[in-house]
Amino acid sequence: SGIAAVAGGEYSSLALKNNRTVTAWGGNILSVTNVPAGLNNVVMIAGGTYASLALRDVGLIATWGANFTGETNVPPGLSNVVEIASGSFHGLAIRNDGTVVAWGDDSAGQTNVPPSATNVVAVAGGNVHSLALRNDGTVVAWGYDCNGQTDVPVGLSNVVAIAAGGFHSVGLKS
């Protein structure tokens, strides 16, 4: 069937097919392209360095690949998820109430979600930093800040999409 979405990790690429299954390819380092058998009803995908994430239509997350720092250990009881993202060694999820949950490597505070990350509609993960887009068009950033990637410009507003690179952050204004 056709492709509905694509995502890239450091060592793999993922495709979400129209039939809501996932295929992966690339350097199968530490099983990062070994999609779990029977994974179906997927609505979103995300790739990290050695791990991949899939969000199923029931609001639950599936993970596979390496687990160096807990990046495949989805927190117990995490449900009602509406969006996912992956940093290099950490995962991010938004619950249907707009709260963010993060897990995995926290060496630079990238999974230490700040209290201001409320009413969130999108998340993005960089190498060791995280971003959240609030429903009012403002951005919250946390984690490692060696290049100013978590220094949200003063007055930044009307943001409709976010992305995080290894050591930079991007916001698309309306």
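These are my notebook entries on pockets, salt bridges and a few single residues in a predicted model.

**Entry 1: the largest pocket**

I began with the largest pocket, for which I noted a volume of about 290 Å³. I then listed its lining, which comes to 20 residues, with Ala7, Ile45, Ala46, Ile84 and Ala85 lying nearest the centre of the pocket. Going through the elements that give two or more residues to this lining, I found β1 (3–8), β4 (42–47), β7 (81–86), β10 (120–125) and β13. I asked myself which element gives the largest share of the lining of the largest pocket. That share, five residues, comes from β4. By class, I recorded 15 nonpolar residues, four polar and one charged in the lining of the largest pocket.

**Entry 2: the second largest pocket**

I turned next to the second largest pocket, which holds about 160 Å³ of space. I noted 14 residues in its lining, and of these Pro153, Leu156, Ser169, Val170 and Gly171 are the closest to the centre of the pocket. The elements that give two or more residues here are β12 and β14 (169–173), and β14 supplies the largest share of the lining, with three residues. Sorting this lining by class, I wrote down eight nonpolar, five polar and one charged.

**Entry 3: Gln149**

I looked up Gln149 in the loop between β12 (139–143) and β13 (159–164). Is Gln149 buried or exposed? I count Gln149 as buried because its relative accessible area is 4%, which falls under the 20% cut-off. Setting aside residues up to four places away in sequence, I found that Gln149 touches His129, Leu131, Ala141, Tyr144, Phe167, His168 and Ser169. For the polar part of the side chain of Gln149, I noted that one of its polar atoms lies 3.0 Å from the backbone oxygen of Tyr144. I also marked Ser169 as a residue that turns up twice in my notes, since Gln149 touches Ser169 and Ser169 is among the residues closest to the centre of the second largest pocket.

**Entry 4: Thr49**

I placed Thr49 in the loop between β4 and β5 (51–56), and I count Thr49 as buried because its relative accessibility is 4%. Leaving aside neighbours within four places in sequence, I listed the contacts of Thr49 as Glu10, Tyr11, Val32, Gly87, Ser88 and Phe89. Among these, I looked further at Glu10, whose side chain makes a polar contact with the side chain of Thr49 at 3.2 Å. I also checked Phe89, which stands 40 residues from Thr49 in sequence, while the two C-alpha atoms are 6.4 Å apart in space.

**Entry 5: Arg20 and Asn158**

I went on to backbone angles, and I noted that Arg20 has a positive phi of about 65° although it is not a glycine. Arg20 sits in the loop between β2 (12–17) and β3 (22–26), and I class Arg20 as partly exposed because its relative accessible area is 30%. Asn158, likewise not a glycine, has a positive phi of about 60°. I located Asn158 in the loop between β12 and β13, which is the loop where I had placed Gln149. I class Asn158 as partly exposed because its relative accessible area is 44%.

**Entry 6: the salt bridges**

How many salt bridges does the structure hold? I recorded two. In general, side chains of opposite charge can pair when their charged atoms come close. One of the pairs is Arg20 with Asp57, whose closest N and O atoms are 2.9 Å apart. I noted that this pair links distant parts of the chain, with Arg20 in the loop between β2 and β3, Asp57 in the loop between β5 and β6 (61–65), and the two positions 37 residues apart. Asp57 has a relative accessible area of 38% and is therefore partly exposed, and I had already entered Arg20 as partly exposed at 30%.

I then looked up Arg134 and Asp136, whose side chains meet in a salt bridge at 3.6 Å, N to O. I count Arg134 as buried because its relative accessibility is 19%, a value under the 20% cut-off. Asp136, at 45% relative accessibility, counts as partly exposed.

Technical notes: Residues numbered from 1 in each chain as written. Predicted model: local features only at pLDDT ≥ 70, side-chain atom pairs only at ≥ 80, totals over all residues. Heavy atoms only, no water. Helix = DSSP H or I, 4+ residues; strand = E, 2+ residues; numbered from the N terminus. Buried < 20%, exposed > 50% of the residue type's maximum accessible area, 1.4 Å probe, protein only. Polar contact = N/O pair within 3.5 Å; in protein donor to acceptor, adjacent residues only side chain to side chain. Contact = heavy atoms within 4.5 Å. 1 Å grid on protein atoms, 1.4 Å probe; cavity = no way out; pocket = protein on both sides within 12 Å on 5 of 7 lines; lining within 4 Å. Points joined across faces, edges and corners; volume = space filled by probe spheres on them. Nonpolar A, V, L, I, M, F, W, Y, C, P; charged D, E, K, R; others polar. Salt bridge = Lys/Arg side-chain N within 4 Å of Asp/Glu carboxyl O.
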